[in-house]
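Got the viewer open? Let's take a walk through this one, stop by stop, with something to select at each.

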Amino acid sequence: MNCRSEVLEVTVEARQVEEAMLALLHTILLHRSTGKFHYKKEGTYSIGTVGTQDIDCDFIDFTFVRVSSEELDRMIRKAVSEFKDALSNSGSDGMGQISLEFYQKKKSRWPFSDECIPWEVWSIKVNVVNLANEQERQICREKVGEKLGEKVINVVEVINRHEYLPKMPTQSEVDNVFDTTLKDVQPYLYKITYQITDSLGTSVSTTMRRLIKDTLAL
Amino acid sequence: MAHFDTEYQRLEASYSDSPPGEENLLMHVPEGVKSQWHHIENLDLIFLNTYYVYNLHQKNGFTCMLLGEIFELVQLLFVVGFTVFLANCVDYDVLFANKFVNHTDSSKVTLPDAFLPVDVCSARIRNNAFVIFVLIISGVFWLHRLIKFIYNVCCYWEIRSFYINALKMTMSELPYATWQEVQARIVEIQKEHQICIHKKELTELDIYHRILRFKNYMVAMVNKSLLPVRFRLPVLGESVFYTRGLKYNFELIFFWGPGSLFENEWSLKQEYKRGGNRLELADRLASRILWIGIANLLLCPVILVWQILYAFFSYTEVIKREPGSLGARCWSLYGRCYLRHFNELDHELMSRLSKGYKAASKYMNCFLSPLLTVVAKNVAFFAGSLLAVLIALTIYDEDVLAVEHVLSSITLLGVCITICRSFIPDKHMVFCPEQLLRVILAHIHYMPDHWQGNAHRYETRDQFSQLFQYKAVFILEELLSPVVTPIILIFCLRRKSLEIIDFFRNFTVEVVGVGDTCSFAQMDIRQHGHPAWMSEGKTEASIYQQAEDGKTELSLMHFAITNPQWQPPRETTHFISQLKERVHREATGAPSDTHPMSLSESEPRSLIANLLTGPSTLASVHFDRDISLANHAAAGINDGGSALRSLSPISSSLHLRGSLSAAHRVAGHTSRTMAGSGTDARTVSSGSSAWEGQLTSLVLSEYASTEMSIHALYMHELHKQQSRGEMSRHTWHRQESDESSDSIPDEVRSEPIPHSRNFPRSSQLWRSHISVLNLDYLSVCFEDPFGTGVKIVRSARVPMGGWAEDGQTAQRHHEPLPEESLEDEMPPHIHKVNALSFCVCY
């Protein structure tokens, strides 16, 4: 519970899903990434540079800015296309949610694995609509573009607030806060999960875990 | 030309800098994650999901807690093992000497002789299905406890390091730190580490909400009579049944059991927040209750056996040691729920109730049935004579003891006499239920309206006994609980499922950084105030939303007084300051009253003045802190002494008293002027340094309960006046001063009536009982060396100026004071006498 959660909702056509998701996820990650840290011996560090890149969408009248890092882009594209496939295969009414969760790692003692403590969760709810003719598609193309523009401003507003961010780590702890596997950019640790259908109920494993925990906590 | 060239080159040089050139780059210093305590995932885990931080504090540190839990486990094993052993492995014939052991060397029977050999013993156990059943059940239970214990130890270990690293408190100093201190440190470290990421600062209320999330719901549900705990039974009349087992089941259903209303420790499930499918949800809840009821029914024999065993082993020893303890009373579980404020921690409640214990048991002892007394007297007489003969015979020749059953009959007769004696009233006791009830009220803070003025009636006593029951009844109820609980669940609670669903939907609010809490616990006068409890005009609550018995208002006062640093929302601040100012004014107004009617009447006033005026001592806390503590003690003892003197009207001479009260009057005046000048300094200094805050909080937290008592009495008094008639209600709560000219005749007509009716009576009462109560008071003073009585006298005076809010009060309401004093001139007397009688009774 001790984490912020922001919810964004979009209504798009099936073919726009991928681009819309990419646009939003990249926008968020753009603001949640820094350049690579170069630590010096006195416990100071310098921050490398981050390049940005404009991306034009094919199916939406929209252009967004993303970190120009192929690696990061590949990872996000992978997650989004998985989500898109799952959404199209689900056969349900086309509702889904993709969430981007920023977390910190906390080292635990031996028998337990490291704890991941989220501090900010962005949930993007997607509603897929089917359109009958080309004219509607054209209108949709523009409307979705406008909507996404609003969302981006929304995201920036949220990020501009002076709210909790993990403190800048020392060299030994940098892995607990930032994802240092990428060569050219260093985003906060994040993970992308998705869920199809609107049943936002907790999964079986979490329920079980809670059950056990509850019984123990009597 | 050369100049131009160089300039161009410099520009180029600055561009060539962009690949990291070490010396020119901006360097950053990492703050580092210095402690692991910033941003804690599950704050509730830290704040008492299962009590954690608070619990560790209450259990006096890690070692104590660990030892306690280990012993509990061992105790469990022992109970089961010993019972099985007693039932199967002891040859009772040997013990009772019905069978002779053939020893060769001596004729003495030793204990090991009575034990059966191991193989016989185990064979007996193996053949007894019931014993095996009990053993398996208790084995499972024990394993569960063991796992829970290990889990707890892990959690508490975490909390321990939280205390040591984050709060900088060692485990050895923990038992001597008050909760207020711990809390202050938590608030402090939030600023530094930001353990909660939603806000910059944690307030006391946030911490309380986390700790008491579910308790507040329970209190609210009892307050709104939602839980089926009161029953109208054919023979017993109205009775209350609320046991630990039942409570456990309620919590299981609502809060944490599988499929409960709560998703996790901090949030209600989404579907319960929407009103749309309430009927369906109610159905689901009903069927869940049914299943849990059935599970209870199935497990009933097991729980019953367990309860009996547990009760047997925990209480037999006590009963043997002091048989009177069964006749002693304790606050019932229902009472604890009914009397609990919103946002009141366990230790606060317990200390409050314990303070009221003496008066409450005295009150209950007032009502001994005369019939029983006659019977008991005679039974005691006969039993006593038999006992005397037996003892005399034993003294003459101790062989009498060897006769069969003589020893046991002596024991039995002794027990019988003890029981009888508890039914014979104390010869020196005086019947003054009204006064006693008032003293009780000063501590328990809640009681139904119809008790006032009816304290001497048996119905009141019966109802009070629901809150304050015999220990024996408590044990009996606990024993009955496994049988009754499923019945209540299946037949009573199930019917209420729709109401419960509605309750949770309507009274749950989401607080940022805290999660879902009971909206009553917000103590918002506007939403949940009751117009009959001083929040008229401020409250917008419908009847459904109003908390009963002035719970919102009293809780608010209680919370504000126990947590002086808390900054309530604006309207709430207004309410608190208004009330405090009223109480303050009526107390300090006394000495400056222009027409003292007689000496005997100025006397209580001087006492009140003594009790309530004079922030002078407090000012000393702020102004010369270094010597303040010593000063305090000295001043307190002096005051206590003078209060004592003025309290013994029979012995002390009149003129002495007169001069005393005059002196107090002067003191009151000076202290008031001091208060006026001191407010600024105080409001400034209150937040100046944490160190000072701690010092004053240490001094003041002990007095908070007394201030709360006075406020509670005042609020009840006001409530009584208000409900007496529309007229007085009107005048009491009028806010606009421009109406005063119209309504003054009303006041004149309406107010003297209660005044004249009430005042002489209570003063008479007061005078008639003062000797007894006075003795009582003295005995209290002498009983404990620290002098509760002395404390009271001192404590009452300190808070008046002690809090920052109070200071603000004085400032804010400086102007309206003269106008309002007109209309409030009469009622103060009544209040004063009441407050006084509380002090006196104490």
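Select helices α9(B) and α10(B): where α9(B) passes α10(B), the crossing is right-handed. Keep in mind as you look that this is a predicted model. In sequence terms, α9 covers residues 179-193 of chain B and α10 covers residues 204-211 of chain B. Their axes are 10 Å apart, and the helices pack at an angle of about 110°. That angle makes α9(B) roughly perpendicular to α10(B), because anything from 65 to 115 degrees falls in that class. Now show the side chains at the contact. From α9(B), pick Trp179(B), Gln180(B), Gln183(B), Ile186(B) and Val187(B). Facing them from α10(B) are Glu204(B), Ile207(B), Tyr208(B) and Ile211(B).

**Cysteines in chain B**

Stay in chain B and color the cysteines. How many disulfides does a search of the whole structure find? Just one, over all chains. Select Cys89(B) and Cys121(B) to see the pair, with sulfur atoms 1.6 Å apart. Cys89(B) sits in the loop between α4 (62-88) and α5 (92-95), while Cys121(B) belongs to helix α7 (residues 118-127), so the bond ties together parts of chain B that are 32 residues apart in sequence. Are these two cysteines buried or exposed? Both Cys89(B) and Cys121(B) are buried.

Now jump to Cys492(B), which is in no disulfide. The nearest cysteine sulfur belongs to Cys300(B), and that is 16 Å away. The relative accessible area of Cys492(B) is 21%, so this cysteine is partly exposed; the buried class stops short of that value, since buried means under 20%. Select Cys154(B) as well: this one has 42% relative accessibility and also counts as partly exposed.

**Two asparagines with positive phi**

Next, zoom to Asn60(B). Phi here is near 60°, a positive value in a residue that isn't glycine. You'll find Asn60(B) in the loop between α3 (52-58) and α4 of chain B. With a relative accessible area of 35%, Asn60(B) is partly exposed.

Then move along to Asn343(B). Here too phi is positive, at about 55°, and again the residue is not a glycine. Look for Asn343(B) in the loop between α15 (333-339) and α16 (346-365) of chain B. Is Asn343(B) buried or exposed? Turn on a surface and check: the relative accessible area is 0%, so Asn343(B) is buried.

**A buried arginine**

One more stop in this chain: Arg461(B), in helix α20 (residues 458-467). This arginine is buried, with a relative accessible area of 11%. Which residues does Arg461(B) contact, leaving aside neighbours within four places in sequence? Show Arg329(B), Tyr363(B), Met364(B) and Phe367(B) as sticks and you have them.

Before leaving, zoom out to take in the whole of chain B. Its secondary structure comes to 38 helices and six strands. Of its 842 residues, 50% are buried. Among chain B contacts with a separation of 6 or more, 75% are between residues 24 or more positions apart.

**Over to chain A**

Switch the display to chain A, where the count is five helices and ten strands. Chain A has 218 residues, and buried ones make up 46% of them.

Select helix α1 (residues 17-31) and helix α2 (residues 70-90) of chain A. Their axes come within 10 Å and cross at roughly 140°. These two helices are therefore oblique to each other, and their crossing is right-handed. On the α1(A) side, the residues that meet α2(A) include Met21(A), Leu22(A), Leu25(A) and Leu29(A). On the α2(A) side, look for Ile76(A), Val80(A), Phe83(A) and Leu87(A), among others.

For the last stop, pick Gln186(A), in strand β9 (residues 186-187) of chain A. Gln186(A) is buried, with a relative accessible area of 2%. Its side chain reaches the backbone nitrogen of Phe37(A) at 3.3 Å. Beyond residues up to four places away in sequence, Gln186(A) touches several others, including Ser33(A), Thr34(A), Gly35(A), Lys36(A) and Phe178(A). Finally, draw a distance from the C-alpha atom of Gln186(A) to that of Val50(A): these residues are 136 apart along the chain, and the two atoms are separated by 8.9 Å.

Terms used. Residues numbered from 1 in each chain as written. Chains lettered and ligands numbered in written order. Predicted model: local features only at pLDDT ≥ 70, side-chain atom pairs only at ≥ 80, totals over all residues. Heavy atoms only, no water. Disulfide = S-S within 2.5 Å. Helix = DSSP H or I, 4+ residues; strand = E, 2+ residues; numbered from the N terminus. Buried < 20%, exposed > 50% of the residue type's maximum accessible area, 1.4 Å probe, protein only. Contact = heavy atoms within 4.5 Å. Polar contact = N/O pair within 3.5 Å; in protein donor to acceptor, adjacent residues only side chain to side chain. Axes fitted to C-alpha atoms, helices over the stretch in contact; angles between N-to-C directions. Parallel < 35°, antiparallel > 145°, perpendicular 65-115°, else oblique. Left-handed = near helix turned anticlockwise from the far one by under 90°.
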